[in-house]
Amino acid sequence: MTARNLLDFDLAGLGAYCEGLGEKRFRATQLFQWLHQRGVSDFAAMSDLAKSLRARLAEAAVVTPLHVASEQASADGTIKWLFDVGGGNAVETVFIPEDDRATLCISSQAGCAVGCRFCATGHQGFSRNLTTGEIVAQLWHAEHQLRARAGGAERVISNVVMMGMGEPLQNYAALLPALRTMLDDHGYGLSRRRLTVSTSGVVPMIDRLRDDCPVALAVSLHAPDDALRDELVPINRKYPINELIASCRRYLETAPRDFITFEYCMLDGVNDSLAQARALVALVCEAPATRIACKFNLIPFNPFPGSGLHGSPRERVLAFAEVLREAGLVTTVRKTRGDDIAAACGQLAGEVQDRTRVVERLSGRRVPIRIQSSVAAEVPR
Ligand code: SF4
């Protein structure tokens with residue numbers, strides 16, 4: 001019998017699992033706290049569980065951490081982990097400390113099938129979905145490592161953004177228990193406002209998320225019209241802007257925040273003209289069908305080989321932002337973080353060769369490692 005990875009379960013799932021072992025459901029709460037609040041993976045150390053249960057767990061279950069291929073720390077405090085998830089795939093997780101919060105950017109898939117033009121991960125294609133355990137293990141590792149380094153602090157990570165590699169809403173079955181574990185008071189106890197799912201616009205799944213587990217929502221918009229968005233974010237051909245914004249409006253009915261964050265990657269000569277800024281204003285402020293409460297986050301593009309794209313000059317980004325602000329739209333320009341360790345948005349592409357060698361050296365294997373890019377995290381305020 002294959003041992004079950006307990007990081008795959010939210011609390012309800014762990015309760016059902018414990019019942020299957022002939023235990024009372026409330027034992028699952030104790031076990032869940034040991035796993036997620038205390039970061040303990042050794043069943044023998046779970047001192048308030050009956051010895052018989054500890055023995056059964058040791059036979060039937062495991063707590064599977066991710067294999068750390070590398071860890072890099074930036075001078076600005078950003079930490080980037082590269083996790084080897086087997087089969088020649090590696091994913092990244094990025095910790096971004098700031099004065100008033102500490103954010104972890106988590107990956108949901110090895111690769112991505114959406115294929116956004118400006119994204120290194122999209123260029124590399126899709127490999128596989130991460131399991132719930134692999135999604136949660138990124139937080140589990142970061143939180144407990146950082147707590148230990150801080151001398152046993154109560155909690156380090158205040159915000160999580162599902163904004164790393166992959167389209168989280170195309171891995172919904174694994175995502176949902178992971179979100180529930182992050183929100184659970186017996187788990188990580190994150191507030192719904194501080195847990196953000198970022199999507200390229202998978203409309204039916206935005207509706208599912210609204211019904212199942214409403215958290216903060218960020219949407220990768222990147223263009224003011226369908227013609228351009230079809231090119232930059234190909235999923236737009238299936239779910240065009242009108243449908244996407246309609247689903248965002250439905251989402252706001254139950255969302256923990258009263259606005260949607262639109263992400264907009266600034267691409268030189270592609271989507272960054274003042275006319276396009278005005279078209280964005282018309283889209284979200286003036287057109288009755290698409291008017292919506294929203295904020296904009298303008299993201300500098302980090303070029304990668306083969307993209308054929310360039311980042312907008314700083315002055316154009318600021319002028320673009322000014323048009324949005326003059327229309328009353330709250331607009332932030334994302335700071336780049338972790339530049340010295342290539343942890344900013346899309347920077348991974350330039351690092352592929354180096355990291356491939358790191359993973360090979362650490363794993364002792366000579367398999368081609370597929371490195372995936374995370375998108376730098378900035379939680380909307
Ligand atoms: S931006 Fe997000 S959805 Fe688009 S290809 Fe990259 S990882 Fe996938």
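**Figure 1. Tyr-264 and Phe-320, both buried, form a tilted aromatic pair in this predicted model**. The ring centres of Tyr-264 and Phe-320 lie 5.2 Å apart, with an angle of 35° between the planes. Tyr-264 belongs to strand S12 and Phe-320 to helix H11, which spans residues 314-326, so the pair ties together parts that are 56 residues apart in sequence. A search of the whole structure finds 4 aromatic pairs, and the pair of Tyr-264 and Phe-320 is one of those classed as tilted.

**Figure 2. Phe-262 and Phe-296 form an aromatic pair between strands S12 and S13**. The search of the whole structure gives 4 aromatic pairs, among them the tilted pair of Phe-262 and Phe-296, with 5.6 Å from centre to centre and 45° between the planes. Phe-262 is located in strand S12 (residues 260-266) and Phe-296 in strand S13 (residues 294-300), and the pair thus links distant parts of the chain, 34 residues apart. Phe-262 has a relative accessibility of 0% and counts as buried, and Phe-296, at 1% relative accessibility, likewise counts as buried.

**Figure 3. Two charged side chains sit over aromatic rings**. In one case, the charged end of Arg-38 is placed over the ring of Trp-34, at 3.9 Å from the ring centre. In the other, the charged end of Lys-295 sits over the ring of Phe-259, at 4.1 Å from the centre of that ring.

**Figure 4. The surroundings of Asn-5 in strand S1**. Asn-5 lies in strand S1, which comprises residues 4-5, and with a relative accessible area of 12% this residue is buried, because the cut-off for burial is under 20%. A polar atom of the Asn-5 side chain lies 3.1 Å from the backbone nitrogen of Thr-64. When neighbours within four places in sequence are left aside, the residues in contact with Asn-5 are Val-62, Val-63, Thr-64 and Gly-133.

**Figure 5. Leu-176 of helix H6 and the packing of helix H7**. Leu-176 is placed in helix H6 (residues 172-183) and, at 11% relative accessibility, counts as buried. Not counting residues up to four places away in sequence, Leu-176 touches Asp-212 and Cys-213; the C-alpha atoms of Leu-176 and Asp-212 are separated by 8.0 Å, although the two residues are 36 residues apart along the chain. In helix H7 (residues 203-212), the buried residues are Val-203, Met-205, Ile-206, Asp-207, Leu-209 and Arg-210. These buried residues of H7 pack against H6, strand S10 (195-199), strand S11 (216-220) and helix H9 (241-252).

**Figure 6. The shell of residues around the ligand**. The ligand is surrounded by Cys-112, Val-114, Gly-115, Cys-116, Cys-119, Gly-122, Gly-166 and Ser-200. By class, this shell has 4 nonpolar and 4 polar residues, and no charged residues.

**Figure 7. The protein chain as a whole, as context for the close-up views**. The protein chain has 12 helices and 15 strands, and of its 381 residues, 59% are buried. Among contacts in the protein chain with a separation of 6 or more, 66% are between residues 24 or more positions apart.

Definitions and conventions:
Residues numbered from 1 in each chain as written. Predicted model: local features only at pLDDT ≥ 70, side-chain atom pairs only at ≥ 80, totals over all residues. Heavy atoms only, no water. Near = heavy atom within 4 Å. Nonpolar A, V, L, I, M, F, W, Y, C, P; charged D, E, K, R; others polar. Helix = DSSP H or I, 4+ residues; strand = E, 2+ residues; numbered from the N terminus. Buried < 20%, exposed > 50% of the residue type's maximum accessible area, 1.4 Å probe, protein only. Polar contact = N/O pair within 3.5 Å; in protein donor to acceptor, adjacent residues only side chain to side chain. Contact = heavy atoms within 4.5 Å. Phe/Tyr/Trp six-rings, centres within 6.5 Å; stacked < 30°, edge-to-face > 60°. Lys NZ or Arg CZ within 6 Å of the ring centre and 35° of its normal.
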